[in-house]
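Biologist: Got a minute to walk me through this chain? I'd like to go through it question by question.

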Amino acid sequence: MIFHEFDKLRTFFLVMKEKSLSSASKKLQVSQPAVTQQIQYIEGLTGFKIIERKRHGVELTKKGEEFFEISKRIEKALGIAEDELSKLIGRNLNFFIGATFLTGEHIFPKIAPEFRKYIGTNYSLEIDNAPEVLGLLKSKKIDIAISEAIVFDDEIKYVEWLDDELLIFSNQKIPKVMDASLLNAYEWVCRDKKSNTRKIFKESLELAMMPDCDNFLMITDSTSSASILQTILHSRISGDLSVIASVISKFALFEHVRDGRLFISRLPKVKMRRKIYVAYLKERENEQLIQDALFFFRTKANEFEIKI
């Protein structure tokens, strides 16, 4: 039955929303042929064409319009049925998300209201360091994890979601390209040594042949990126005081840099880049709620394509 193929139907809905196969493929972070293949799969099951390519996008065929309306009614009916089931069993069906301090404090909150609406159920968010979050995933205490670090495990599948970059920052003006002599002159508020951010910073300094961050003048270190950000934002600016600096994701910095509250610097010839992943247990790959969540995250990726 075609209506068992919910992932393909959602691709079809997105194509019609975007009025373009290429736009839909970008939002889903898949190739355009992959989107075309899913549409063709639906057409193979129905026995008729549902869309036609035009010069400026795609349009529904006459039968495609009827199919679209029926599909929307079924999607709505499924949502109503899920609500009724929740009431019948006397509780809300909860979806459990684990997130690192970066993804839970600076990324997921921006799309959280839409996520709840899309999956049609409440969610709970657990924030911790990457190893702890991925441990919760493996022990089946959460449904998905959002993390900038990977703990290799045969039971866990990682899907690349966002491209991230780490940047040196301060609330005082600093060189756009960092000078090695300044690193030891600054005071630092950094992530803890076990964090992915600290490890990448240390490795990148070594590649750039610059001083080891373990030897910097550390005021403190923290497990929370939000705490570090607020510390720098509210540190005093005075000619008599040293510059206070740190390293954090571009996703945490973007609005503050745009509004002139913070200033950034990069290492010479070395980009501190990494991926943000959505992870889930391989044994749950075919569960509809997992597929719904993955689909949602793919469609939101373009909203985080920021340049700083």
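**Walking through the chain**

Modeller: Sure, starting with the surface: the chain exposes about 16,500 Å², and carbon and sulfur atoms supply 51% of that. Accessible areas here come from the Shrake-Rupley method with a 1.4 Å probe, and for residues only the protein chains shown count as cover. Keep in mind that this is a predicted model, where local features need pLDDT of at least 70, side-chain atom pairs count only at pLDDT 80 or more, and totals for chains, interfaces and linings use all residues. Residues are numbered from 1 along each chain as its sequence is written, and side-chain values use heavy atoms, with hydrogens and water left out.

Biologist: What does the secondary structure of the chain come to?

Modeller: Elements are DSSP runs numbered from the N terminus: helices are H or I with at least four residues, strands are E with at least two. Counted that way, the chain has 12 helices and 11 strands.

Biologist: What percentage of the 308 residues is buried?

Modeller: Buried means under 20% relative accessible area, exposed means over 50%, and partly exposed is in between (1.4 Å probe, protein chains only). By that cut-off, the buried share of the 308 residues is 48%.

Biologist: Which residues of helix 2 are buried, and why do they end up on the same side?

Modeller: The arc is taken from the directions that run from the helix axis to the C-beta atoms. For the buried residues of helix 2 that arc is only 160°, so they sit on the same side of the helix. The residues in question, within 21-28, are Leu21, Ala24, Ser25, Lys27 and Leu28.

Biologist: What do the buried residues of helix 2 pack against?

Modeller: Contact means heavy atoms within 4.5 Å. The partners of these buried residues are helix 1 (6-18), helix 3 (32-46), strand 1 (51-54), strand 2 (57-60) and helix 12 (288-300).

Biologist: Is Lys300 buried or exposed, and what is it in contact with?

Modeller: Lys300 belongs to helix 12. Its relative accessibility is 11%, so Lys300 counts as buried. Setting aside neighbours within four places in sequence, the contacts of Lys300 are Ile111 and Glu114.

Biologist: Which residue caps the N-terminal end of helix 11?

Modeller: Helix 11 spans residues 250-258, with Lys250, Phe251, Ala252, Leu253 and His256 buried. A polar contact is a pair of N or O atoms within 3.5 Å; within protein, one must be able to donate a hydrogen and the other to accept it, and residues adjacent in sequence count only if both atoms are side-chain atoms. At the N-terminal end, a side-chain oxygen lies 3.0 Å from the backbone nitrogen of Phe251, and the capping residue is Ser249.

Biologist: Where is Ser139, and which backbone oxygen lies 3.1 Å from its side chain?

Modeller: Ser139 is in the loop between helix 7 (130-138) and strand 5 (144-147). With 39% relative accessibility, Ser139 counts as partly exposed. The oxygen that lies 3.1 Å from a polar atom of the Ser139 side chain is the one of Leu136.

Biologist: What is the phi of Met209, and what is the phi of Lys269?

Modeller: Most residues other than glycine have a negative phi, and most peptide bonds are trans. Met209, in the loop between helix 9 (196-207) and strand 8 (217-222), is exposed at 76% relative accessible area. Lys269, in the loop between strand 10 and strand 11, is exposed at 89%. Both phi values are positive: near 55° for Met209 and near 65° for Lys269.
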